Amino acid sequence: MRGENVTVIAVVFGLFLLLALTTPFCSGANVTYDHRALIIDGKRRVLISGSIHYMRSTPEMWPDLIQKSKDGGLDVIQTFFFWNLHEPVRGQYEFDGRKDLVKFVKLVAEAGLYVHLRIGPYACAEWNYGQAEMKRIITKIVDMMKQENLYASQGGPIILSQIENEYGNVESAYGDSAKSYINWSAQMATSLDTGVPWIMCQQTDAPDPIINSCNGFYCDQFTPNSNNKPKMWTENWTGWFSSFGDPVSYRPVADIAFSVARFYQLGGTFQNYYMYHGGTNFGRTSGGPFITTSYDYDAPIDEYGLLRQPKWGHLKDVHSAIKLCEEAIVATDPKTTSLGSNLEATVYKTESGAAFLANIGTESDVSVNFNGHSYHLPAWSVSILPDCKNVVLNTAKVNF
C-alpha cells in the first residue's frame, strides 16, 4: 500500500512538473508614473521609443524591423491602431496578414521590447477616414489585448495606451462640448482597467490621470499640465510625409540628435521617433491631400527595411550615451545654469551625477568652462557627460 502511495505521488509530481515546463508563466509588471518618469515595477525608467506601423510593412518584415530597432537602442515600439483598416464594414473585422496586430505585439514582446499602443480611435497619420462609435471599438481592442495577456499588468509588453490623437489642435472650434468630450474620453479609457497609464498627445487639458504629451520637431520646452506627470514626447518627427509634386523631406541626423539630447537634458524621460520605420501606404490607404504611397519619412530604417546611415548609427550612439546617464536622470530634477549667450549647462546632482552642455546658437562654435575644465561646443549641439566630466558624445559630431 505504501509503495502504491509513493507511485501515485510520483505520478502527480511528474504531471505538475510537465505542466510547469509546458505552461508559460506570466508575471505582471506594475506600471505607474510620477513627475519624473514612467515607473515599471517600482523603478523609474528612461525610455527610448520608435514608431513602426505594422500595416505599413509586411509580416515577413516585422521580425527584422523589430530587431533592428532593438539593435539601435530602442526600449519601446509605438504603433497606431487603424480602425477603418480593421473594420471596413460595421461589425466585420479583419485581423489577418498585415492587419494582425496581436502577432505584431507578440513579436515585439519576443524581442524583449515594450509596446506603446495608440488606439485612437482617430489616428491622423496621413491615413484615410475615421469612424463613429468610438467606445465600441476602443473596448474591442482593449479586450482583444487582454484576452492575449498583452498588457504589462498581465505579463505582456504594452506599458502605455493612447486615447484620442491631437484633438487639442482642433478643440477650440467645438466650444464647451470639446471639454466634455475630452473628459468623457478619459473616463471611458480609464474605466477599461488596462493596468497601465493612458496618454493624450497635444492635449493641454488632458484630465488626471491621463498624461498629456508633446508632438513636434522639438519638445525640450514642453511642460506637462501637472507636476505629478512626467515629461513625454510622443512624436519626434524624423522627416515628413511625401506629397505628389513636393520635394522629398530630409532632416539631418545632427538636428534630430540635438533635439533628443536637449529633451533628456531638460527633464524628459520618454521620447518616441515618428517614424523609426515609415513603410508603405498600400492600396488606397494614403490620406489626402495627394499623399504618396511611400511613407519613408526619412526614418532611421527606410521604406524597404534597410538601415539609413548615418541616421540609424548616430542615433544609436546618442541612445547609448543617454542610457549612461539614466541612473542620475531618474533620481532627481535637472538644474540648468547659463554659461553665456545661447550656452547652458544642466546637471543631475547625484553621487555620480550627469551633465549636459548645450550650445543652442546656430552660427558659431564656442569653448566653455565647466567645473574647471574647458569644452568645445559646436553650434547647435549638446555634449553628454555621464560623470559630469568626460564627454562621451557631442550630437553634432557624426562619425558615420
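In this short talk I will go through the barrel, two further strand arrangements, the cysteines and the annotated domains of this structure.

Please keep in mind that this is a predicted model, in which local features need pLDDT of at least 70 and side-chain atom pairs count only at pLDDT 80 or more, while totals for chains, interfaces and linings use all residues. Residues are numbered from 1 along each chain as its sequence is written, and side-chain values use heavy atoms, with hydrogens and water left out.

Let me begin with the annotation. From its unreviewed entry, UniProt lists "domain: Glycoside hydrolase 35 catalytic" at residues 38-130 and 132-321, and UniProt also places "domain: Beta-galactosidase beta-sandwich", again from an unreviewed entry, at residues 344-398. These positions are in the numbering used here, the feature names are shortened, and the annotations may be inferred rather than shown by experiment. When I speak of helices (H or I, at least four residues) and strands (E, at least two), I mean DSSP runs numbered from the N terminus. In those terms, residues 132-321 are 29% helix and 16% strand, with end C-alpha atoms 45 Å apart, and residues 344-398 are 0% helix and 51% strand, with end C-alpha atoms 22 Å apart.

Now to the barrel. Eight strands close into it in the order E4-E5-E6-E7-E8-E9-E10-E11, and the pairing is parallel; pairing here requires that DSSP finds at least two bridges between two strands. Neighbouring strands of this sheet are turned by 30 degrees against each other on average, direction ignored, where axes are lines fitted to C-alpha atoms, for helices over the stretch in contact, and angles run from 0 to 180 degrees between N-to-C directions. As a general reminder, strands of a sheet pair through backbone hydrogen bonds, either parallel or antiparallel.

Strand E4, residues 47-52, deserves a closer look. Why can we call E4 largely enclosed by the rest of the structure? Six of its six residues are buried, so the description follows directly, with buried meaning under 20% relative accessible area, exposed over 50% and partly exposed in between, using a 1.4 Å probe and protein chains only. On one side of E4 the buried residues are Leu47, Ser49 and Ser51, and on the other they are Ile48, Gly50 and Ile52, so that both faces are covered. E4 pairs with strand E11, residues 270-277, in the parallel sense over five bridges, and there Ser49 has Asn272 as its bridge partner. Three bridges also join E4 to strand E5, residues 76-80, again running parallel, with Ser51 opposite Gln78.

E4, helix H2 (residues 62-71) and E5 together make a right-handed β-α-β unit; right-handed means that, with the strands pointing away from the viewer, the path from the first strand over the helix to the second runs clockwise.

Further round, strand E6 (residues 114-120) and strand E7 (residues 158-163) run parallel and are joined by five bridges, with Gln162 in E7 as the bridge partner of Arg118. Helix H6, residues 175-191, lies across E7 and strand E8 (198-201), running at about 155 degrees to E8, and contact for such a helix means heavy atoms within 4.5 Å.

Outside the barrel, three strands form an open sheet in the order E1-E2-E3 with antiparallel pairing. Strands E1 (31-33) and E3 (43-45) stand at its edges, each with a single partner strand, so one side of each is left without a neighbour in the sheet. E1 and strand E2 (residues 38-40) pair over three bridges, and Val31 stands opposite Ile40.

There is also a hairpin, in which strand E15 (residues 366-370) and strand E16 (residues 373-377) run antiparallel, joined by five bridges. Val368 stands opposite Tyr375, and Asn371, in a hairpin with two residues between the strands, takes a positive phi near 55 degrees.

Finally, the cysteines. The structure holds one disulfide, defined as a pair of cysteine sulfur atoms within 2.5 Å. Cys214 and Cys219 form it, with their sulfur atoms 2.1 Å apart, and with -75 degrees about the S-S bond the link is left-handed. Cys214 counts as buried at 10% relative accessibility, and Cys219 is buried at a relative accessible area of 1%.

Why is Cys325 without a bond to Cys388? The sulfur of Cys325 is 8.4 Å from that of Cys388, its closest cysteine sulfur, which is too far for a bond. Cys325 is buried, with a relative accessible area of 1%, and Cys388 counts as buried at 15% relative accessibility.
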